[in-house]
Amino acid sequence: VGAGTPLKAGAWSTAVTLAQMALAHELVGAARQMLDLARVHALGRIQFDRPISDFQAVRHRLAETLVAIETAQAMLEAAWRDQSADTAAMAKALAGRGAHTAARHCQQVLAGIGFTTEHDFHHYVGRVFVLNQLFGTARSLTKDLGIRLLKSRQLMALPPL
């Protein structure tokens, strides 16, 4: 489409839907990578003569991160099957929220090394913060979906998960 050429009706909506799904994939991928970095660190870091992966608090943070990632992945797969704007927005919102959960929990597991530029973790955190801002943040998409639900007074059909 050249400059000044009008878009076909619905073309922008379709582009936004596809962009949200693509960004959701990026967010899920970055979250998975952050989880893997934290997992490897937890297995190798020894504290009190034990790997920190033995500690319940570390396991809970990593488990909660995995649940957030898998939830986002399931919604993203449903969005590709459904191809609706609402499902894509939900997938992007869940992916953004899951990536923020991964950043927060994995940072705690990595402790001081996660704050340094010597560790790869900071690349993924920065990427997540930028990607979440594009085509709607997790918070704004969730709020918009909620407002639409309240106005319509009808629940959306559940996507097949």
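Okay, let's start with one definition: a residue counts as buried when its relative accessible area is under 20%. Keep that in your head, because Gln73 comes out at 17% and is therefore buried. And please remember throughout that we're looking at a predicted model.

So where does Gln73 sit? It lies in helix α2. If we skip its neighbours within four places in sequence, Gln73 is in contact with Val28 and Arg32. Hold on to those two names, as they'll come back in a minute.

Let's zoom out. The protein chain has 5 helices and 2 strands. Walk along the sequence and you read the pattern α-β-β-α-α-α-α. The C-alpha trace spans about 65 × 40 × 25 Å along its principal axes. Of the 161 residues in the chain, 37% count as buried. Here's one more number for the whole chain: take the contacts with a separation of 6 or more, and 74% of them are between residues 24 or more positions apart.

Now, the inside. What is in the largest nonpolar core? It has 33 residues, and the ones with the most contacts inside it are Met34, Leu62, Val109 and Phe121. Four helices give two or more residues to this core: α1, which is 11-44, α2, which is 56-82, α3, at 85-110, and α4, at 121-133. The top contributor is α1, with 12 residues.

Let's pick on Val109 for a second. Which residues does Val109 touch, leaving aside its neighbours within four places in sequence? You'll find Ala38, His41, Ala42, Ile52, Val58, Arg61 and Leu62. And Leu62 there is another of the residues with the most contacts inside the core.

Right, on to how the helices pack. First pair: α1 and α2. Their axes are 10 Å apart and the angle is about 160°. Anything over 145 degrees counts as roughly antiparallel, so that's what α1 is to α2. The crossing of these two is left-handed. On the α1 side, the residues in this contact include Leu18, Met21, Val28, Arg32 and Ala38, and on the α2 side they include Val58, Leu62, Gln73 and Trp80. There are our friends Val28, Arg32 and Gln73 again. By class, this contact has 16 nonpolar, 3 polar and 3 charged residues.

Second pair: α1 and α4. Here the angle is about 155°, with the axes 10 Å apart. That makes α1 and α4 roughly antiparallel to each other. Again, α1 passes α4 in a left-handed crossing. From α1, the contact is made by Leu23, Glu26, Leu27, Ala30, Gln33, Met34 and Leu37, and from α4 by Phe121, Tyr124, Val125, Arg127, Val128, Leu131 and Asn132. Sort them by class and you get 10 nonpolar, 2 polar and 2 charged. Spot Met34 and Phe121 in that list; both are among the residues with the most contacts inside the core.

Third pair: α3 and α4. What angle do they cross at? Roughly 155°, and their axes come within 10 Å. So α3 and α4 are roughly antiparallel to each other, and α3 passes α4 in a left-handed crossing. Residues in this contact include Gly96, His100, Cys106 and Leu110 from α3, with Phe121, Val125 and Phe129 among those from α4. The split here is 9 nonpolar, 4 polar and 1 charged.

Last bit: a few single residues to click on. Start with Ser13, in helix α1. Buried or exposed, or something in between? Ser13 is partly exposed, with a relative accessible area of 41%. The C-alpha atoms of Ser13 and Ala85 are separated by 7.4 Å, and those two residues are 72 apart along the chain.

Then the loops. Gln83 is in the loop between α2 and α3, and its phi is near 60°, which is positive even though the residue isn't glycine. Gln83 counts as partly exposed, at 40% relative accessibility. Next, go to the loop between α4 and α5, where α5 is 138-152, and you'll find Phe135. Phe135 also has a positive phi, near 55°, and it's a residue other than glycine. At 39% relative accessibility, Phe135 counts as partly exposed.

That's my tour, thanks for listening!

Key
Residues are numbered from 1 along each chain as its sequence is written. This is a predicted model: local features need pLDDT of at least 70, side-chain atom pairs count only at pLDDT 80 or more; totals for chains, interfaces and linings use all residues. Side-chain values use heavy atoms; hydrogens and water are left out. A nonpolar core is a set of buried Ala, Val, Leu, Ile, Met, Phe, Trp, Tyr and Cys residues joined through side-chain atoms within 4.5 Å. Buried means under 20% relative accessible area, exposed over 50%, partly exposed in between (1.4 Å probe, protein chains only). Contact means heavy atoms within 4.5 Å. Axes are lines fitted to C-alpha atoms, for helices over the stretch in contact, and angles run from 0 to 180 degrees between N-to-C directions. Angles under 35 degrees count as roughly parallel, over 145 as roughly antiparallel, 65 to 115 as roughly perpendicular and the rest as oblique. A crossing is left-handed if the near helix is turned anticlockwise from the far one by less than a right angle, and right-handed if clockwise. Ala, Val, Leu, Ile, Met, Phe, Trp, Tyr, Cys and Pro count as nonpolar, Asp, Glu, Lys and Arg as charged, and the others, Gly among them, as polar.
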